[in-house]
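Work through the exercises below with the sequence and the structure open beside you. Each task is followed by a solution in steps.

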Amino acid sequence: MIAKKRTKPLKLMKLEVLNERIVQNHSKMQFIESDFAKYNAGFKGEMSLDFYMKDLNEDDYHIFHDLRLPQSSNEQFYFQIDTLIVHSQFCVLIEVKNLIGNLYFDHQFDQIIRTRDGVDETFSDPINQVALQKVQFAKWLRLNKFPEIPLHTLVAITNPKSYIRISPKYGKKSQKIIRGNTLVNKIYGYVSTQQENVLLKKDLKRLTKYLIREDTPHNPDILKNYNIKREEILTGVFCPKCNTPPMIRIKRTWVCLNCSEESNDAHEKALQDYALLFNPQVKNRDIRDFLNIESRSSVKKLLHSMNLKPIGSRKAAIYTLPFPK
Ligand SMILES: [Zn+2]
């Protein structure tokens, strides 16, 4: 069963909005665009691997997608696991790579060399990455007093168009590199009829509870990360059809000046953008500035129509905008 679903990560949502709303010709535009493309490809790769997991027996396997757990009781450092599969005899940690091009796993320098359109690029060896996650997860299990359980690690290469070559001296580690379609068989191979179950039903239940409780999604301040100023962000409501800002509000309807599209709820996406880029906690004034609406009462009506209840009264009232689902 899927104990924790994969949802679009906050960081990806934030990058997407930043990419849409950064002012034209900004010096960091290309950089942001390429980071967004990279993260988006990674997310798509993870989603494509999830497809193969549906064949795992629902009752025997608990699947957790995209976990971010504290390294110790000091909640300053975290480690991330793309996918964790829990079975009563073992756990499997999977690192997903969605790299396109010719991939060469180089044993000598612990790296992947990717050749694409004649250009070489290097990436750190994902097998080492997932090995480190294994150490951190083992420590996490000990800290939380779970029984010692065998931990397997895999690296899944999800792009079907990538051509994989492995250095002949790579050794046993090469068995950890898989494609999506071999994942299920690989996992069945870990099941032993000889070995007794390490995790009893009550342990499994407690482990699920702890993993869900301790999972802390990465929520970066994206403007700070890229050193972007508030005034470098485009305000206004974007047209849902042609994506051009700003739409203007005529009698409770948003109208696009570019393609004449009309919308009653185009402000909802703009408010989600605001929450992602700046802060979900807002005052009426912030929204008037961002949506380019002059009337205080119009904004109040908009927020109420989204069922948002303020805390505090009058000018000090604070609303909490929802993050996209
Ligand atoms: Zn339009």
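## Exercise 1: Classifying S48

Task: decide whether S48 is buried, partly exposed or exposed.

Solution. Step 1: in this predicted model, S48 has 16 other C-beta atoms within 10 Å. Step 2: a residue is buried with 20 or more such atoms and exposed with 12 or fewer. Step 3: the count for S48 is 16, so S48 is partly exposed.

Task: state which element holds S48, and which residues S48 is in contact with once neighbours within four places in sequence are left aside.

Solution. Step 1: S48 is found in helix α2, residues 29-53. Step 2: with those neighbours left aside, S48 is in contact with T158 and G180. Step 3: N159 is 111 residues away from S48 along the chain, and the C-alpha atoms of the two are separated by 8.8 Å.

## Exercise 2: The six-stranded sheet

Task: give the strand order of the open sheet of six strands and name its edge strands.

Solution. Step 1: the order is β1-β2-β3-β4-β8-β10, and the pairing is mixed. Step 2: β1 (2-4) and β10 (177-179) each pair on one side only, which makes them the edge strands. Step 3: on average, neighbouring strands of this sheet are turned by 35° against each other, direction ignored.

Task: trace the pairing from β2 to β3, from β3 to β4 and from β4 to β8.

Solution. Step 1: strands β2 (residues 62-70) and β3 (residues 78-86) run antiparallel and are joined by eight bridges; L67 stands opposite I81 of β3. Step 2: β3 and β4 are also paired in the antiparallel sense, over four bridges. A hairpin of four residues connects β3 to β4, and V86 has C91 in β4 as its bridge partner. Step 3: between β4 and β8 (residues 151-157) there are seven bridges, and these strands run parallel. Here V96 is bridged to A156 in β8.

Task: identify the strands that α2 lies across and those that helix α5 touches.

Solution. Step 1: α2 lies across β2, β3, β4 and β8, and runs at about 140° to β4. Step 2: helix α5 (residues 201-214) packs on the sheet and touches β1, β2 and β3. The direction of α5 makes about 50° with that of β2.

## Exercise 3: The nonpolar cores

Task: find the residues with the most contacts inside the largest nonpolar core, and the strand that contributes the largest share of it.

Solution. Step 1: the core has 33 residues, and those with the most contacts inside it are L84, I85, V92, L93, V155 and A156. Step 2: strand β4 (residues 91-97) supplies the largest share of this core, five residues. Step 3: take L84 as an example. Not counting residues up to four places away in sequence, L84 touches F64, L67, C91 and L93. Step 4: there is also a second, separate core of 26 residues, which includes C239, V282, I287 and L302.

## Exercise 4: Two domains and a helix pair

Task: state how the chain is divided, and where the domain bounds fall.

Solution. Step 1: domain 1 covers 2-214 and domain 2 covers 235-320. Step 2: their C-alpha centres lie 38 Å apart.

Task: describe how helices α8 and α9 are arranged.

Solution. Step 1: the axes of α8 (residues 284-291) and α9 (residues 296-305) come within 10 Å and cross at roughly 100°. Step 2: angles of 65 to 115 degrees count as roughly perpendicular, so α8 is roughly perpendicular to α9. Step 3: the contact is made by N284, I287 and R288 from α8, with R296, V299 and K300 from α9.

## Exercise 5: A hairpin with little cover

Task: work out how many residues of strand β7 are buried, and describe the hairpin of β6 and β7.

Solution. Step 1: β7 (residues 119-124) has six residues, and the count of buried ones is zero. Step 2: β6 (residues 111-116) pairs with β7 in the antiparallel sense over six bridges, and R116 stands opposite V119 in β7. Step 3: two residues lie between the strands of this hairpin, and D117 takes a positive phi near 50°. Step 4: for the chain as a whole, 24% of the 325 residues count as buried.

How values were computed
Residues are numbered from 1 along each chain as its sequence is written. This is a predicted model: local features need pLDDT of at least 70, side-chain atom pairs count only at pLDDT 80 or more; totals for chains, interfaces and linings use all residues. A nonpolar core is a set of buried Ala, Val, Leu, Ile, Met, Phe, Trp, Tyr and Cys residues joined through C-beta atoms within 7 Å. Two residues are in contact if their C-beta atoms, placed from the backbone, lie within 7 Å. Two strands pair if DSSP finds at least two bridges between them. Domain bounds come from an automatic or database domain assignment. Axes are lines fitted to C-alpha atoms, for helices over the stretch in contact, and angles run from 0 to 180 degrees between N-to-C directions. Angles under 35 degrees count as roughly parallel, over 145 as roughly antiparallel, 65 to 115 as roughly perpendicular and the rest as oblique.
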